[in-house]
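Reader: Could you walk me through some features of a model, one at a time? I would like the general idea and then the case at hand.

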Amino acid sequence: MDNKVIDALRGLLDADELLLPGDLNFEKYGKDETEDLYFAPHVVVRPKSVESVQAVVRVADQFVIPLVSRGGGTGLSGGALPVKGGIVLSTERLNRILEIDCENFFVRVEPGVITQVLQEEVDAIGLFYPVDPASRGSCTIGGNVAEGAGGPRALKYGTTKDYVFGVDVVLANGELVRYGGKRLKDVTGFNMVQLFVGSEGTLGVIVGITLKLLPLPTHRRTLMAPFPTLESAASAVPAILQRGVIPCALEFMEQACLKAIEQRRGEAVPHSNAAATLLIEVDGNHEETLDREMEIIGEVLFEHGAFDVDVADGPTKQAELWAMRRAAGEAVKGISPYKEEDTVVPRANLPKLVNGVHEICDRHGVRMICYGHAGDGNIHVNLLRGDSLQDEWNERCAKAIPEIFELTVSLGGTISGEHGIGFVQKNYLHQGLSDVAIESMRAVKQALDPKGILNPAKIFPDP
Ligand SMILES: Cc1cc2nc3c(=O)[nH]c(=O)nc-3n(C[C@H](O)[C@H](O)[C@H](O)COP(=O)(O)OP(=O)(O)OC[C@H]3O[C@@H](n4cnc5c(N)ncnc54)[C@H](O)[C@@H]3O)c2cc1C
C-alpha cells in the first residue's frame with residue numbers, strides 16, 4: 001500500500017485508531033471463524049466516531065483501496081477476511097447503546113455492540129431482543145445485520161431482518177445516509193433498510209442501527225428428547241407445528257455432535273448415545289399454556305419414537321442445556337480442519353435433507369457431523385478433514401459440496417440460511433440463484449459502490 005494512504009489516515013485519526021503491521025493484535029484482523037483462512041490487511045482502523053468512519057471511507061475512495069468492515073470476526077463464510085488486503089475497519093469502538101425507547105419499543109445502537117450485551121441490557125428492564133445467534137457473546141449487532149443472522153429462536157421470533165427498522169450507513173463515497181427509523185410502518189421509497197440486511201459489508205458501512213424490541217416473556221419451558229434414528233427426530237419437527245404449537249426453539253443435534261461436545265467439555269452430556277436429540281423450548285406469559293404446550297410436544301415426540309422426554313426442572317438446568325447447545329459449533333470445529341455448509345430447506349423436507357447429506361458424504365468418503373436449527377429447516381453440515389491428506393480431502397469436498405447444494409435446492413432450499421455467502425461460498429452462488437438474479441444484484445453493487453472498494457471478492461462468483 002502506498003505510504004500516502006497511511007499518511008492520509010494518520011492525519012485524520014487519533015494514534016490509537018490506527019494499527020499497522022507489527023502492532024499488538026494486528027494479526028487477528030486477518031482472520032475470522034471461517035476454516036483456517038488468513039489474509040493480511042495492510043492497515044487496521046478502529047474509529048471512535050462516525051466522522052472517523054467517513055474520513056477513512058473517503059481515503060479508500062480517493063486511493064481506490066479495498067475497505068473491509070469487521071464486527072466481532074465470528075463470521076463463518078469469510079465475510080470479514082481482507083482477501084485483497086487494504087483497510088480493515090473494525091467497529092469495536094463504536095459500541096454504545098444510544099437509546100432504549102421503552103415507550104415505543106425500539107433501541108438505537110452503534111454497530112459494534114455485542115449482541116449478548118444488548119440482550120442483557122434490555123432484559124434488565126423487561127424488554128426482549130430475541131435474535132440469539134449461538135455466537136452472541138462475541139458477535140456484534142452490525143455483523144448480525146450485515147449477515148442477516150438467525151439463531152435458535154428464529155422459529156417463533158424471526159431473524160435479524162424482522163427487527164431492523166433503521167440503518168445509518170456510510171456509503172462508498174464517504175457520505176452518511178439514514179434509512180428508516182423508529183417507525184413500524186414506512187413505505188416512503190424503496191425499502192433500503194432491508195437492502196443492507198445481509199449485504200455483507202459490500203454496499204456500505206453500517207454505523208447506526210434501530211431495532212424493534214418486544215416485551216420480555218415471563219416464563220419458559222425446555223426439554224431434550226433422544227431418538228433412535230436421525231429420520232425419527234427430523235420427522236417430529238414438522239409434526240409439532242402441525243399440532244398448533246410454535247416453540248421458540250427447536251434444535252437438532254446428531255450423536256457425533258453430542259460426543260464432540262462431551263469431548264470438548266470433558267463431561268457427560270445427556271442422551272449422547274442416542275442417534276439424534278431435539279432440544280425444544282417454549283416461552284410465553286401464561287404457565288398453564290406452556291404446560292399444555294409441553295404436553296402436546298411430549299405426545300408428538302413419543303409418537304415419533306423418542307425414547308424419553310427430559311424436561312429441565314428450572315433455570316439452572318435450562319442454562320446447562322443451552323450452554324451445551326451453544327458449545328456445538330466450537331466442539332465440532334475443534335475436531336479437525338473443517339468446511340461448514342449452511343443448508344436450509346422448507347421444514348417438512350428436513351428428514352430428506354439430513355438423510356441425503358449423510359448419503360452424499362458417505363459416498364465420497366468425507367466424515368460429516370450435522371446439527372442446527374431444525375425448526376427452521378436450517379442444518380449446519382460440517383465436513384471434517386480428520387486424518388485425510390489435504391489434497392485428497394479437498395478433492396472429495398469439491399465433489400461432495402456441489403452435490404449437497406444440488407440436493408438442498410432440489411428440496412426447495414438454498415445454499416445459506418444464516419451464515420451468508422462471503423468468500424467461501426461465492427463460487428456456489430449460481431447453485432442458489434439464477435443468472436438474472438445474480439446480475440440484478442451486481443447492478444445494485446455497481447450503483448452503490450462503482451469503484452468496487454467495499455469488501456471486494458465477496459458474494460459474487462469469480463469471473
Ligand atoms: C460458534 C459460532 C456460532 C454461531 N452461531 C450462529 C447462529 O446461531 N446464527 C447465525 O446466524 N450465525 C451464527 N454464527 C455466525 C456469526 O456469528 C454471524 O454471522 C454473526 O452475525 C457475525 O457477526 P460479527 O460481528 O462477528 O461479524 P464479522 O464476522 O466481523 O463480519 C461478518 C460480515 O459482516 C460485515 N460487517 C460487519 N460489521 C459491519 C458493519 N458495521 N457494516 C457493514 N458490514 C459489516 C463484514 O464485512 C462481514 O462481511 C456463529 C459463529 C460461531 C463462530
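Author: Happy to; we will take helix packing, then strands, then the core, then a loop residue. Keep in mind that this is a predicted model.

Reader: Let's begin with helices. How are two packed helices described?

Author: The description uses the angle between their axes and the distance between those axes. Here, helix α1 (residues 3-12) packs with helix α2 (residues 50-63) at about 160 degrees, and their axes are 10 Å apart. Angles over 145 degrees count as roughly antiparallel, so α1 is roughly antiparallel to α2.

Reader: Which residues of α1 and α2 make the contact, and is the crossing left-handed or right-handed?

Author: From α1 come K4, V5, A8, L9 and L12, while α2 brings A55, V56, V59 and F63. The crossing of the two helices is right-handed.

Reader: Now the strands. What do side chains do along a regular strand?

Author: They alternate between the two faces of the sheet. A good strand to look at here is β17, which spans residues 367-373.

Reader: Which strands pair with β17?

Author: Strand β13 (residues 249-254) pairs with β17 in the antiparallel sense over 2 bridges, and M253 has Y371 of β17 as its bridge partner. Strand β18 (residues 378-384) also runs antiparallel to β17, joined by 7 bridges; there I369 is matched with N382 of β18. β17 and β18 form a hairpin with 4 residues between them, and G377 in the turn has a positive phi of about 70 degrees.

Reader: How many residues of β17 are buried?

Author: Buried means under 20% relative accessible area. In β17, 6 of the 7 residues are buried, so the strand is largely enclosed by the rest of the structure.

Reader: On to the largest nonpolar core. Which members touch the most others?

Author: Those are F252, L278, L301 and L383, in a core of 56 residues. Helix α7 (residues 230-242) supplies the largest share, 8 residues. Beyond its neighbours within four places in sequence, F252 is in contact with residues including L230, A233, L278, V354, Y371 and I379. Another core, of 31 residues, lies apart from this one, with V169, V193, L203 and I209 among its members.

Reader: Last, a loop residue. Where does G412 lie, and is G412 buried or exposed?

Author: G412 sits in the loop between α13 (390-410) and α14 (429-432). With a relative accessible area of 55%, G412 is exposed. Its C-alpha atom is 25 Å from that of G78, and the two residues are 334 residues apart along the chain.

How values were computed:
Residues are numbered from 1 along each chain as its sequence is written. This is a predicted model: local features need pLDDT of at least 70, side-chain atom pairs count only at pLDDT 80 or more; totals for chains, interfaces and linings use all residues. Side-chain values use heavy atoms; hydrogens and water are left out. A nonpolar core is a set of buried Ala, Val, Leu, Ile, Met, Phe, Trp, Tyr and Cys residues joined through side-chain atoms within 4.5 Å. Buried means under 20% relative accessible area, exposed over 50%, partly exposed in between (1.4 Å probe, protein chains only). Contact means heavy atoms within 4.5 Å. Two strands pair if DSSP finds at least two bridges between them. Axes are lines fitted to C-alpha atoms, for helices over the stretch in contact, and angles run from 0 to 180 degrees between N-to-C directions. Angles under 35 degrees count as roughly parallel, over 145 as roughly antiparallel, 65 to 115 as roughly perpendicular and the rest as oblique. A crossing is left-handed if the near helix is turned anticlockwise from the far one by less than a right angle, and right-handed if clockwise.
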